[in-house]
Amino acid sequence: MSKETASPSLLTAVKELPGNVWKSLFRNPLPTNDLERSSTSFTNFFLHIHPVKVHKNTLRPLYTLGLGLVSFFLFVILVVTGILLMFYYVPSTAQAYDRMLDLRGSVAFGTILRNMHRWSAHGMVAVVVMHLCRVFLTGSYKKPREFNWVLGVVLLLLTLLMSFTGYLLPWDQLAFWAITVGTAIAGYAPVVGKDIQFLLMGGSTVGQEALLRFYVLHVAVLPATLTLAIAIHFWRIRKDGGLSRPADADPTPPMEMMGAQAGSKPSLPEGKKTYGLQGLVRGPLTKVNNIPDNTVFSWPNLFMSELFVFVMTLAVILVLALLFNAPLEEPVNVMHPPNPAKAPWYFLGLQEMVSYSAFWGGIGVPGIFVGLLLLAPYLDRSPKGVGVWFSRDRLLANTIFLTFLAANIIFVIIGTFFRGPNWAFVTPW
Amino acid sequence: MRFALAVGTFLILVIHGVILYHQFSHKWEAHQIAYFNQAKAMAKGDAERAALEARSPRIEQTVVADFGETRVDRCTTCHIASDDPRFSTYQQPLKTHPYSLAMGDVQKNGRWERRHKFSEFGCTVCHDGQGRGLSPKDAHGEDEYWPDPLLGAAVQENWRKEFVPMLKGKEFLEANCAQCHTSPGFAGTPTVRRGMDLYYASNCYGCHRIEGLSDGTIGPDLTEVGRKFKVDYIYARIKDPKSVLATSIMPKFNMLTDQDIRALVIFLKSRKGKNFSETEMDRYRLRATGGAELVQAHIKPVQINPAQMARQGEQLVLDRACTACHKLGAKDGAVAPDLTFEGLLKDPAWLDAHFRNPRSTMPDSIMPAFRFTEPEFKAMTAYLSGLKTVPALPSPEAAYKALCLRCHGDKGNGQGPIAEHLDPSPRDFTKAAFMNSKPMDRLVASVRKGVEGTSMPAWERILDDRQAKALLDYIQTAFVKEPRQEPKPRNLPAANPVASSPESIARGEATFVNRCAGCHGRKGDGKGPNSLDILPKPRNLRNAFFLSSVSDARLFDSILYGVQGTAMPSWIDYGLSNNDVGDLVNFLRNLNPKPKGGQNAGTI
C-alpha cells in the first residue's frame with residue numbers, strides 16, 4: 001500500500017521488537033490467577049510435561065527426598081559437561097592419555113569440566129540407587145506403577161553401564177585395570193559369559209578395540225537409550241496418576257461424582273457412549289466436578305521445588321569439582337598391574353563376592369538380586385503400604401530388601417577399604 | 001525455601017567466579033609478563049622494544065616428533081628466558097639454560113650457539129618431566145603417578161625420604177644422553193659407564209638379561225627397566241631388595257656404596273629398550289648375539305699366574321661378588337651355601353663343572369653361569385678346593401649350628417635362612433614319621449655321603465661315623481622329639497623283577513600318567529598341578545643325579561610304602577603290584593640317562 005501506512009508500522013515494529021519476541025517466546029505473563037497458572041504450565045514445552053496441578057503429597061520433601069530429580073539433573077550436568085569434554089577427547093590408545101593431560105593442564109576449564117563430569121557420574125550411581133531405595137521402601141512400585149518400577153531398574157542398570165564405560169576412557173592404570181577386572185566379572189557368566197566379554201572388549205584383552213567400543217557406548221548408544229528410557233519413565237509417572245501417595249491422602253469423593261467405583265471393575269468404554277480425553281485418564285486425578293482434593297497449582301509450587309533441587313545439585317557438584325580433582329594415574333602399562341587391581345567402587349561389592357566364588361559372586365547373587373528387583377511388583381501383589389516410608393504392612397518385603405542392600409553396601413565397603421595387595425584383608429588405618 | 005534458593009544460587013555464582021579467576025590468572029602469565037618487562041628494560045633499540053610490547057602472554061610449545069612418540073613440550077611457557085643469554089643470573093623460571101662445551105655448545109664471536117637447539121629437541125627428551133603440564137607440579141612430574149619426573153630434580157611425594165638425596169643431581173641426565181650417545185666410551189656419560197662396569201663387576205649380568213649386554217635368566221629382564229620404573233624404585237630395589245618385594249630372592253649387595261648404587265641406577269635408567277640411535281638392523285643383531293662377548297669384554301679377565309693360582313682365585317672370589325650370595329668366613333650373602341670348607345665337601349672336578357654350568361651338577365640350582373675365563377675358573381677352583389680346614393666341632397649341637405642350620409634351620413624344620421633358594425628343599429626333621437621310617441644306616445649315609453643332585457653335601461671328611469651318629473642323636477632329641485625307632489624291614493624285591501623293555505616302559509608311563517603326574521607332573525619334573533599345595537615339594541624325577549644314586553630297592557620302598565612325613569602315599573594300598581612298580585622304575589630309569597661325573601655317584 002502507501003508509504004504513509006507502512007512506515008509508522010515498521011517503526012513501531014522495531015520499537016516493539018524486544019517485547020514481541022519475548023511475548024512470542026513466552027506466551028504468558030507471570031501468572032496472577034489460576035487460569036494463567038494453568039496456562040503457563042500448559043503452553044511451555046519444558047513445563048507441559050508437568051501436570052497443571054500437583055498433589056500436595058508430591059511436594060513433601062521428606063517423602064521423595066527429591067532423589068529422582070537429583071538423578072535427572074545429574075544426568076543433565078553429565079550430558080552438558082560430557083559434550084564439552086567430547087570436543088577434546090580422542091578414543092585412541094595413543095592419544096587418550098595425552099588428551100587427559102591437556103585437559104588437566106592446558107585446556108581452559110578442562111579440570112573443572114572433568115571434575116564435574118567425574119563426580120556427577122559417581123553421584124548419579126549413588127543417587128539412582130538411593131532413589132530405588134526410596135521407591136521400594138515406600139512401596140511405590142505397586143499397581144499401577146509396576147512397569148515404571150521395571151523401567152527404573154533398567155535405568156539403574158543403564159546408569160551403571162554408563163559409569164562403567166566412561167571409566168575406561170581416561171586410559172590410565174586405574175581405568176585399564178578396573179575395566180580388565182570388570183569385564184572379567186562378566187566373563188564368569190555361564191555359557192555366554194566369554195562371548196559377552198569378547199563382545200565388550202572386541203578382543204581378548206582391553207586394548208584399542210575396547211576403548212573404541214566403550215567410547216561409542218558411552219557417548220552415543222547408552223545416552224540415547226538412557227534419554228529414551230528417562231522420557232518413558234517420566235511419561236508413565238503422569239499416566240500412572242502422579243507420584244504414589246497413601247490411600248488416605250485424597251478425600252473420598254462423593255460416589256456419584258466419580259463414575260465407576262473403586263471396588264467395581266472399571267468397565268471398558270462402550271460404543272454407545274463418547275468419552276473425552278479426560279475419561280481415559282486413570283486414577284483419581286480425573287476430576288470432573290468441583291470435588292474436594294489436595295492438589296495445588298504446579299506454578300509456582302512444583303517448579304520452585306524443582307528449581308531448588310537443581311540449584312542444590314549443581315552447587316554440590318560445583319563445590320566437589322572445585323575441591324577434589326578427578327584421579328589420573330599412570331599411563332596404561334599392560335605389563336604392570338597394580339596390586340590389588342580394583343573395579344570401580346560400585347562393582348567392588350561384586351569383586352569382593354567374586355573373591356569367594358567367581359560364578360556366585362559375579363553372576364549368581366547379583367543376577368538373583370536384579371531378577372528379584374525386576375519381579376518385585378509382580379510377586380508382591382498386596383495393595384497395602386503404598387506411599388508411606390517403612391510401612392508395617394511391608395515389613396517382610398522391606399526387610400528382605402534392606403538385607404540385600406546392607407550386604408551389598410558392606411561388601412562394597414570391605415572391597416574399597418579393607419582389601420590390600422593380593423586381595424588380603426587389611427585395615428585402612 | 002526461597003532463602004535457601006537464593007543462597008544456593010549465590011553459591012553457584014561465587015564458584016563460577018572462583019573458576020573464572022583460576023582460569024584467567026595463571027602463574028605462567030605472571031612469569032611471561034615479568035620476562036617482557038625485564039627484556040624491555042634491557043632492549044637495545046626501539047624496534048626490539050616495540051616487538052616485546054606487541055607480545056602478550058600465551059602458551060609456548062615445541063612439538064618434537066623426532067624422538068620416540070610425538071612430544072608436546074610447553075616448558076618454555078614458564079621458562080621463557082631459557083634461550084635468552086641475558087638472563088643467566090636470574091632465578092628460575094626466568095633463568096637462561098646454561099651453555100656448556102660438554103654439551104657441544106660453541107662460542108662464535110662471543111655468542112654461544114647451542115648444539116641441541118630447543119626447537120629441535122624440546123626439553124623432555126633430556127630432562128623428562130611432563131611437557132604438556134603448565135603448573136610446576138604437573139610439568140615437573142611431582143604428581144606421584146607421573147612415570148617420568150624431572151630427572152635428578154623432581155621428587156615425588158611417595159619417595160622414601162632417606163633415598164631422596166641420592167636421587168638428585170645432574171648426573172641423572174646422562175641416562176637420557178645415553179639414548180642417543182650410546183657408546184659406553186662417550187665422554188658425556190661417565191656415570192652411565194661406571195654403572196655399566198658395576199653391572200658386570202657385581203655379577204648383575206649373571207641373573208639379569210639386558211638385550212645386547214647380558215643374558216641371565218634368574219632375575220627379571222632389565223632391557224626396558226629405565227622406561228618402566230622410576231629412579232627411586234630402582235634405587236630401593238638394589239639398596240634393599242626385600243623392602244620393595246618381600247619375595248625377592250635378590251641378594252643385598254653390601255659391598256656397593258651408595259654412590260655405586262646411584263651409578264647403577266643411572267645406568268639402568270638409561271636402559272629403555274630401543275633407544276633413539278638404534279636402527280632395526282642393530283636391534284636384530286643385538287637379539288641374535290645375546291651379549292656373551294660383551295660380558296667377557298667388560299669384566300676385564302685377570303691374567304692367571306700358575307704359581308699363584310690359589311691366591312688369585314681368592315681375590316677373584318672376593319672381587320666377583322661371590323659372597324653376595326654365598327657364605328665365606330665372616331662374609332655372608334644369605335642366599336647360597338657356605339663355602340668356608342668347600343675343599344672338604346667337593347672335589348676340583350665337581351667345582352669346575354659347577355662353575356661352568358651350575359645345573360650340570362645340580363639340576364635345580366639357581367646359581368647363574370658366570371662368564372669368567374677358563375683360567376679364572378681354574379684359579380677359583382684351586383682356591384676353593386684348598387679350603388680344607390676342618391672346623392672345630394666340640395659338640396653335636398655345635399656341629400649342627402656350624403654345618404646344618406644354614407639350610408635345615410634353627411628349629412630343624414627345614415626352613416633355614418637359605419632354604420627358600422634350594423630345590424629340593426632341606427629335610428624337615430620335625431616330621432618324626434619320616435625320621436623313624438628310615439634305617440639308621442640310611443640316615444648316616446645321607447649325612448656322610450650327601451644326597452646326589454641336591455644341596456646336601458657329603459660331610460664324611462668333616463664328620464666321622466661316630467660324629468655323624470651323635471649328630472643324628474642330637475637331631476632326634478632336639479627336633480624329632482620322639483624316641484628313635486628302627487623301622488621293621490619291609491618286604492621288598494632285591495632287584496627289579498621286570499626286565500626293562502619298550503613294553504615295560506610304555507606300561508610304566510601309562511601308570512605314571514594315571515597315578516603320579518598329578519603331583520610329579522606329566523614330565524616328571526615335580527611340577528604337577530597339585531605340587532603347589534604340597535610341602536616338601538614332590539621330587540623332581542628328572543634329576544638324573546638323584547635318580548641314578550638311588551637303588552631300585554629304595555625306589556620300590558618309596559613307591560610301595562610311601563614316604564612318611566610327605567604327601568607321597570603308600571601305593572601298595574592303592575593296588576600297585578611289584579610288577580606295576582617294576583614298570584614304573586623302568587620308565588623312570590629310562591627317563592634319566594645315567595649322568596657322568598657327580599661326586600659320589602652310585603655310593604648309596
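1. In this predicted model, domain 1 and domain 2 of chain B bury about 540 Å² between them, and carbon and sulfur atoms account for 58% of that area. Half of what domain 1 of chain B contributes can be assigned to three residues: F67(B), C126(B) and D128(B) supply 50% of the area that this domain buries against domain 2 of chain B, more than any other three residues.

2. The contact between these two domains involves nine residues of domain 1 of chain B and seven residues of domain 2 of chain B. Their C-alpha centres lie 32 Å apart. The rule finds zero salt bridges across this interface, while two residue pairs are in polar contact, both residues of each pair being at pLDDT 80 or more. Helix α5 of chain B, residues 124–127, gives the largest share of the domain 1 side, namely four residues. By class, that side of domain 1 of chain B has three nonpolar, four polar and two charged residues.

3. For orientation, the domain assignment places domain 1 of chain B at 28–139 and domain 2 of chain B at 163–297. Chain B also has domain 3 at 302–385, domain 4 at 396–480 and domain 5 at 502–591 in the assignment.

4. The interface between the chains should be considered next. Here 27 residues of chain A are in contact with 26 residues of chain B. About 2,500 Å² is buried between chain A and chain B, with 71% of it on carbon and sulfur atoms.

5. Charged and polar pairs also occur across the interface of chain A and chain B. The rule finds five salt bridges there. In one salt bridge, the side chains of R104(A) and D143(B) meet at 3.3 Å, N to O. The count of residue pairs in polar contact between chain A and chain B is nine, with both residues at pLDDT 80 or more.

6. Two helices of chain A deserve mention at this interface: α6 (96–105) and α14 (298–323) each supply at least two residues of the side that touches chain B. The largest share of that side, eleven residues, comes from α14(A). In terms of residue class, the side of chain A that touches chain B has 18 nonpolar, four polar and five charged residues.

7. Two cis peptide bonds should be inspected in the model. Most residues other than glycine have a negative phi, and most peptide bonds are trans. The bond from W299(A) to P300(A) is cis, with omega near 5 degrees, and P300(A) is placed in helix α14 of chain A. In chain B, a cis peptide bond joins Q92(B) and P93(B), with omega about 5 degrees. P93(B) lies in the loop between β2 (71–73) and β3 (106–108) of chain B.

8. Backbone phi calls for a further check in chain A. F109(A) is not a glycine, yet has a positive phi of about 60 degrees. This residue lies in the loop between α6 and α7 (110–137) of chain A. Is F109(A) buried or exposed? F109(A) is partly exposed, with a relative accessible area of 30%.

9. W171(A), a residue other than glycine, likewise has a positive phi, near 60 degrees. W171(A) is found in the loop between α8 (146–168) and α9 (173–187) of chain A. At 7% relative accessibility, W171(A) counts as buried, because the cut-off for that class is under 20%.

Note on methods: Residues are numbered from 1 along each chain as its sequence is written. Chains are lettered from A and ligands numbered from 1 in the order in which they are written. This is a predicted model: local features need pLDDT of at least 70, side-chain atom pairs count only at pLDDT 80 or more; totals for chains, interfaces and linings use all residues. Side-chain values use heavy atoms; hydrogens and water are left out. Contact means heavy atoms within 4.5 Å. Buried area is the accessible area (1.4 Å probe) that two parts lose on being put together, summed over both. A salt bridge is a side-chain nitrogen of Lys or Arg within 4 Å of a carboxyl oxygen of Asp or Glu. A polar contact is a pair of N or O atoms within 3.5 Å; within protein, one must be able to donate a hydrogen and the other to accept it, and residues adjacent in sequence count only if both atoms are side-chain atoms. Ala, Val, Leu, Ile, Met, Phe, Trp, Tyr, Cys and Pro count as nonpolar, Asp, Glu, Lys and Arg as charged, and the others, Gly among them, as polar. Domain bounds come from an automatic or database domain assignment. Buried means under 20% relative accessible area, exposed over 50%, partly exposed in between (1.4 Å probe, protein chains only).
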